[in-house]
Amino acid sequence: MGRGAGGVRGISLEAGDAVVGLDVVDPAAALLAVAEKGYGKRTAMDEYRLQSRGGKGIITMKTTDKTGAVVGVRMVSNDDDIMLITDGGKVIRTPVRGISEIGRNTQGVRLIDLADGERVVGVAK
């Protein structure tokens, strides 16, 4: 393709949807999803079916008013640590092995306690 080409469509999004992250798939690892109100979970990669280009995607976390929107996803293994960053300047580091590995379409577990109005804005491995 030339420099001016638009490329190919990776995913088709509905109104109000957004891509919040991507990572290279490691079949031996798990996908960590983190929501803005401090909830998160790990899901094994065999829970996800393959999608073709321009597909609609697959729900990875049930989002509600309690969890807030998904703010980040990362491929992780039991030996990794993650850092959660809030808009209030709080940063915590926690081992991945302590985060539950549960099914795809679930809310997850609390990863960080937040002050009123505070939200998670980033996750790093």
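Buried, as used in this note, means under 20% relative accessible area, with exposed set at over 50% and partly exposed in between. With that in hand, here are some points on this predicted model, offered as a colleague's reading.

1. **Glutamate 118 and its partner.** Let me start with the residue that calls for that cut-off. Glutamate 118 has a relative accessible area of 13%, so this residue counts as buried. The glutamate 118 side chain nevertheless takes part in a salt bridge with lysine 90, at 3.5 Å from N to O. Because glutamate 118 belongs to the loop between β6 and β7 while lysine 90 belongs to the loop between β4 and β5, the pair ties together parts that are 28 residues apart in sequence. Lysine 90 is partly exposed, since its relative accessibility is 31%.

2. **Overall make-up.** It may help to step back to the chain as a whole. There are zero helices and seven strands, and reading along the sequence gives β-β-β-β-β-β-β. The C-alpha atoms fit a box of roughly 45 × 30 × 25 Å along the principal axes. Of the 125 residues, 31% are buried. Among contacts with a separation of 6 or more, 72% join residues 24 or more positions apart.

3. **Surface and charge.** The chain has an accessible surface of about 7,800 Å², and carbon and sulfur atoms supply 49% of that area. As for charge, you will find 18 positive and 16 negative side chains, with the centres of the two sets 5 Å apart. Seven salt bridges turn up across the whole structure.

4. **Arginine 119 and glutamate 36.** One salt bridge to look at joins the side chains of arginine 119 and glutamate 36, with 3.3 Å from N to O. Its two ends are distant along the chain: arginine 119 sits in the loop between β6 (109-110) and β7 (120-124), and glutamate 36 in the loop between β1 and β2, 83 residues apart. Arginine 119 counts as partly exposed because its relative accessible area is 36%. Please also bring Asp87 into view here, as Glu36, Asp87 and Arg119 are linked in a network of salt bridges.

5. **Arginine 93 and aspartate 81.** How far apart, N to O, are the side chains of arginine 93 and aspartate 81 in their salt bridge? The value is 2.9 Å. This pair links strand β5 (residues 91-95), home of arginine 93, with strand β4 (residues 81-86), home of aspartate 81, and the two residues are 12 apart in the chain. The arginine is exposed, given its 62% relative accessibility, whereas aspartate 81 is partly exposed at 27%.

6. **Valine 120.** Strand β7 holds valine 120, and with a relative accessible area of 0% this residue is buried. Beyond the neighbours within four places in sequence, the contacts of valine 120 are Val34, Ala35, Glu36, Gly38, Val71, Ile85, Thr86, Ile112 and Leu114. Note that Glu36, from point 4, is in that list. The C-alpha atom of valine 120 is 9.6 Å from that of glycine 68, which is 52 residues away along the chain.

7. **Valine 73.** Here is a second valine worth a click, this one in strand β3. Valine 73 is buried because its relative accessible area is 11%. Outside the four places on either side in sequence, valine 73 touches Gly21, Leu22, Leu31, Leu32, Ala33 and Val123. Between the C-alpha atoms of valine 73 and methionine 45, 28 residues apart along the chain, the separation is 13 Å.

8. **Leucine 22 and the nonpolar patch.** Is leucine 22, one of the contacts of valine 73, buried or exposed? Leucine 22 counts as exposed, because its relative accessibility is 72%. This leucine belongs to the segment before β1 (30-35). Together with Ile11, Leu13 and Val19, Leu22 makes a nonpolar surface patch of about 380 Å².

9. **Threonine 63.** A last stop is the loop between β2 (39-44) and β3 (70-76), where threonine 63 is found. With 43% relative accessibility, threonine 63 is partly exposed. Setting aside the neighbours within four places in sequence, threonine 63 contacts Gly68, Ala69 and Val70. The C-alpha atoms of threonine 63 and alanine 35 are 7.9 Å apart, although 28 residues separate the two along the chain.

Note on methods: Residues are numbered from 1 along each chain as its sequence is written. This is a predicted model: local features need pLDDT of at least 70, side-chain atom pairs count only at pLDDT 80 or more; totals for chains, interfaces and linings use all residues. Side-chain values use heavy atoms; hydrogens and water are left out. Patches are made of residues with over 30% relative accessible area and no salt bridge: like charges are joined within 9 Å, nonpolar side chains (Val, Leu, Ile, Met, Phe, Trp, Tyr) within 5 Å. Accessible areas come from the Shrake-Rupley method with a 1.4 Å probe; for residues, only the protein chains shown count as cover. A salt bridge is a side-chain nitrogen of Lys or Arg within 4 Å of a carboxyl oxygen of Asp or Glu. Helices (H or I, at least four residues) and strands (E, at least two) are DSSP runs, numbered from the N terminus. Buried means under 20% relative accessible area, exposed over 50%, partly exposed in between (1.4 Å probe, protein chains only). Contact means heavy atoms within 4.5 Å. Lys and Arg count as positive and Asp and Glu as negative; His and the chain ends are not counted. The place of a charge is taken as NZ of Lys, CZ of Arg, CG of Asp or CD of Glu.
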